[in-house]
Amino acid sequence: QVQLAESGGGLVQPGGSLRLSCVASGLMFDTYAMYWYRQAPGKERELVAGVRVAGMTEYAESVKGRFIISRDNAKNEVYLQMNSLRPEDTAVYYCNTVHWQGGDRTDYWGPGTQVTVSS
């Protein structure tokens with residue numbers, strides 16, 4: 001059974017930094033792309049960043065140049081380094097991966113970690 005668990009959220013002032021971590025179990029980690037999503041109150045969940053198996057990364061336009069996604073396959077972990085944080089980055093951040101089998105898609109999600117950017 002695939003399980004994802006995020007950590008590292010908290011309260012930070014504008015301009016500050018946080019590093020989120022997500023540990024995965026129940027899957028061959030180095031064969032899965034990993035993603036970070038976020039959901040702010042009253043808004044839909046949105047993709048923040050992704051890292052492919054070979055290490056290629058993608059970012060939402062709103063976080064390019066400020067956030068960095070990385071992975072450690074030896075530890076089954078994916079990270080999101082968030083710099084120059086803004087109040088609009090406030091959200092619950094979720095770790096995600098996707099399993100495809102026979103054309104069927106299954107999304108796995110962690111419980112989320114709250115990030116609040118406020119003075």
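# Two strands at the centre of a predicted model

Let me open with one residue pair: R71 has V78 as its bridge partner in strand 8. Before I go further, please keep in mind that the model on the screen is predicted.

R71 and V78 bring us to the pairing of strand 7 with strand 8. Strand 7 covers residues 67-72, and 6 bridges connect it to strand 8 in the antiparallel sense. Between these two strands there is a hairpin with 4 residues, and N76 adopts a positive phi there, near 60°.

Strand 8, residues 77-82, also pairs with strand 3, which spans residues 18-25. Here again the strands run antiparallel, with 6 bridges between them. Two positions may help you to follow this pairing on the screen. L18 is placed opposite M82 of strand 8, and V23 is placed opposite E77 of strand 8.

In what order do the 4 strands of the open sheet lie? The order is 1-3-8-7, and the pairing is antiparallel. At the edges lie strand 1, residues 3-7, and strand 7, each of which pairs on one side only. From one strand to the next, the twist averages 15°.

There is also a charge to point out in this region. R19 sits over the face of Y79, 4.1 Å from the centre of the ring.

I now turn to strand 9, residues 91-101. Of its 11 residues, 8 are buried, and the strand is described as mostly covered. Let me take its pairings in turn.

With strand 4, residues 34-39, strand 9 shares 6 bridges, and the two run antiparallel. In this pairing W36 stands opposite C95. With strand 10, residues 104-109, strand 9 again shares 6 bridges in the antiparallel sense. Here T97 has Y108 of strand 10 as its bridge partner. The hairpin of strands 9 and 10 has 2 residues between the strands, and G102 in that hairpin takes a positive phi near 60°. Finally, strand 9 pairs with strand 11, residues 113-117, over 3 bridges, also antiparallel. V92 is bridged to Q114 of strand 11.

C95, which we have just met opposite W36, has a further role in the model as a disulfide partner. How many disulfides does a search of the whole structure find? The search finds 1. It is formed by C22 and C95, whose sulfur atoms are 2.1 Å apart. C22 belongs to strand 3 and C95 to strand 9, so the disulfide ties together parts that lie 73 residues apart in sequence. The torsion about the S-S bond is about -80°, and therefore the disulfide is left-handed.

Are these two cysteines buried or exposed? C22 has a relative accessibility of 0% and therefore counts as buried. C95 is likewise buried, with a relative accessible area of 0%. The cut-off applied is under 20% relative accessible area for a buried residue.

My last topic is the aromatic residues. A pair of rings is described by the distance of the centres and the angle of the planes. The structure holds 2 such aromatic pairs.

One of them joins Y37 and W109, with 5.0 Å from centre to centre and 70° between the planes, an edge-to-face arrangement. Y37 lies in strand 4 and W109 in strand 10, so this pair ties together parts 72 residues apart in sequence. Y37 is buried, with a relative accessible area of 16%. W109, by contrast, is partly exposed, at 34%.

W109 also pairs with Y94, again edge-to-face, at 6.3 Å between centres and 90° between planes. Y94 is in strand 9 and W109 in strand 10, 15 residues apart. Y94 has 13% relative accessibility and therefore counts as buried.

Which residues make up the aromatic cluster? Y37, Y94 and W109 form one cluster. In addition, R45 lies over the face of W109, at 4.5 Å from the ring centre.

To close, I would ask you to retain the following points. Strand 8 pairs with strand 3 and with strand 7. Strand 9 pairs with strand 4, strand 10 and strand 11. The disulfide of C22 and C95 links strand 3 to strand 9. Thank you for your attention.

Conventions: Residues numbered from 1 in each chain as written. Predicted model: local features only at pLDDT ≥ 70, side-chain atom pairs only at ≥ 80, totals over all residues. Heavy atoms only, no water. Pairing = 2+ DSSP bridges. Axes fitted to C-alpha atoms, helices over the stretch in contact; angles between N-to-C directions. Buried < 20%, exposed > 50% of the residue type's maximum accessible area, 1.4 Å probe, protein only. Disulfide = S-S within 2.5 Å. Phe/Tyr/Trp six-rings, centres within 6.5 Å; stacked < 30°, edge-to-face > 60°. Lys NZ or Arg CZ within 6 Å of the ring centre and 35° of its normal.
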